[in-house]
Each structure stands twice: as structure tokens, then as C-alpha cells.
Amino acid sequence: MRHDNTRSNRSGSQAAEFLSFRLGSEAYGIDILKVQEIRGYEQPTRLANAPDYLRGVLNLRGVIVPVIDLRVKFGMADVPFNAHTVTIVLTVLGRVVGVVVDSVSDVIELDPSQIRPAPEFTDAACVEHVVGMASPDASHPEHMIILMDIEKLMGSADMGLLEQAPAEELAEAA
């Protein structure tokens, strides 16, 4: 049985649901069906010689979960964690992974008409995980949400966290 994050709205078009979160002043969105849970930030156990963006690992009910700091991964300025800092626990390519973000905003439903294609650059590995840009509030179209393919980001070779699944396996899983 196929599960996706779309559902028909009143106009009959397929709306998609995303969890929106913030990193600094930017808003991001990821497929809500990839989200397992949202937890307040807790200090993970550090791993020796790990990349800076890998904060460490957490033991969540017997599952060892790598925790990625997206702010560090995206080369943003470091800020102290506060009461709004959370870890979003995701199921990505069959593995459980945590990502640290500044705050979680909301679950948003977007119609296809609200989503614009990702910008294209000739040599831009930094945006290969961006699937689109959305303006959920028609009265403020300048307020954009960056929609990410979290599987592409977590499965990228530079992350080294998840093995790349063959395209056929990904298609069958969808």
C-alpha cells in the first residue's frame, strides 16, 4: 500500500502536508510522513572524530539515533540552544535519524499552486536537496518556505549516514 503526504482538497487538487521549522530567519518544510516524533533538545553522546554537524547519538527506546545539527550542516552561524530548540526524529530510507532545528513552526498544507520549482544552479550541490519553494500565505508572498527532500539530504554521500538505496528499491517503497 502506498502512503504519501497528499490529500484532495475542496477544489479537487492534491494538497501536500509539510512540517515547517526554522533555522535562523529561514523557514523550511519537510514531508510530514517522514516525521516520527518531535522532542525537546537533549545533549547527545558525542562520537570521537565525527564531523561537526553530527552532534552525537541518542538512545531512543533502545534505538541508537544519529543526531544531525542542520544549522552546522548548512554552514549557518552557531547559536546557543534554547527552550525552542528541538530534535525532529525522522524515518529516512528505513533508518531513524534526528535533526536539530531552532524551532518547529506548524504542519502546513500546500496546494500545488503554492509550490514553485527549486532554483537551478549550474554547480550547486548545496541546493540539490531543495525540491521547491512555497508561499503558504497569499497575503505575504515574500515569506517563503524552503521545501526539502530530507531523504536526498540524509542519503547524500557527504553525510555518510545512510546507504544510497538503488532507485528501484526507492520506487518500490513509494
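Me: Arg-61 is found in the loop between E5 and strand E6 (63–69). What makes Arg-61 exposed rather than buried?

Reply: Happy to go through it; keep in mind that this is a predicted model. Arg-61 has a relative accessible area of 63%. Exposed requires over 50%, so Arg-61 is called exposed.

Me: And what is notable about the phi of Arg-61?

Reply: Most residues other than glycine have a negative phi. Arg-61 is not a glycine, yet its phi is positive, near 50 degrees. Arg-61 takes this value in the hairpin of E5 and E6, where 2 residues lie between the strands.

Me: How do you know that E5 and E6 pair, and which way do they run?

Reply: They are joined by 6 bridges. Pairing asks for at least two, so E5 and E6 count as paired strands. They run antiparallel, and Leu-58 stands opposite Val-65 in E6.

Me: Why is E5 described as mostly covered?

Reply: Of the 7 residues in E5, 6 are buried, and buried means under 20% relative accessible area.

Me: What makes strand E5 (54–60) an edge strand?

Reply: The open sheet has 5 strands in the order E4-E7-E8-E6-E5, with mixed pairing. Strand E5 pairs on one side only, as does strand E4 (35–40), and these two are the edge strands. From one strand to the next, the twist averages 30 degrees.

Me: How is Thr-45 classed, buried or exposed?

Reply: Thr-45, in the loop between E4 and E5, has 53% relative accessibility. The cut-off for exposed is over 50%, so Thr-45 counts as exposed. With neighbours within four places in sequence left aside, Thr-45 is in contact with Arg-55, Gly-56 and Val-57.

Me: Why is Leu-93 called partly exposed?

Reply: Leu-93 has 24% relative accessibility. Buried is under 20% and exposed is over 50%, so Leu-93 falls in between and counts as partly exposed. Leu-93 sits in the loop between E7 and E8 and has a positive phi of about 50 degrees, although it is not a glycine.

Me: How many bridges join strand E7 to strand E8?

Reply: There are 7 bridges between strand E7 (residues 86–92) and strand E8 (residues 95–101), and the two run antiparallel. Ile-88 has Val-99 in E8 as its bridge partner.

Me: Which residues touch the most other members of the largest nonpolar core?

Reply: They are Phe-21, Ile-30, Leu-70, Ile-88 and Met-154, in a core of 25 residues. Elements giving two or more residues to this core include strand E2 (14–23), strand E3 (26–31) and helix H2 (150–154). E7 supplies the largest share, 4 residues.

Me: Why is the aromatic pair of Phe-21 and Tyr-28 called stacked?

Reply: A pair of aromatic rings is described by the distance of the centres and the angle of the planes. For Phe-21 and Tyr-28, these are 5.7 Å and 15 degrees. Centres must lie within 6.5 Å to pair, and planes under 30 degrees apart count as stacked, so Phe-21 and Tyr-28 meet both conditions. Both residues are buried, and together with Phe-74 they form one aromatic cluster.

Me: One last point: how do you know that Lys-73 lies over the face of Tyr-53?

Reply: Lys-73 is placed over that face, at 5.0 Å from the ring centre of Tyr-53. The distance allowed is within 6 Å, so 5.0 Å satisfies that part of the criterion.

Terms used
Residues numbered from 1 in each chain as written. Predicted model: local features only at pLDDT ≥ 70, side-chain atom pairs only at ≥ 80, totals over all residues. Heavy atoms only, no water. Axes fitted to C-alpha atoms, helices over the stretch in contact; angles between N-to-C directions. Core = buried A, V, L, I, M, F, W, Y, C linked by side-chain atoms within 4.5 Å. Buried < 20%, exposed > 50% of the residue type's maximum accessible area, 1.4 Å probe, protein only. Phe/Tyr/Trp six-rings, centres within 6.5 Å; stacked < 30°, edge-to-face > 60°. Lys NZ or Arg CZ within 6 Å of the ring centre and 35° of its normal. Contact = heavy atoms within 4.5 Å.
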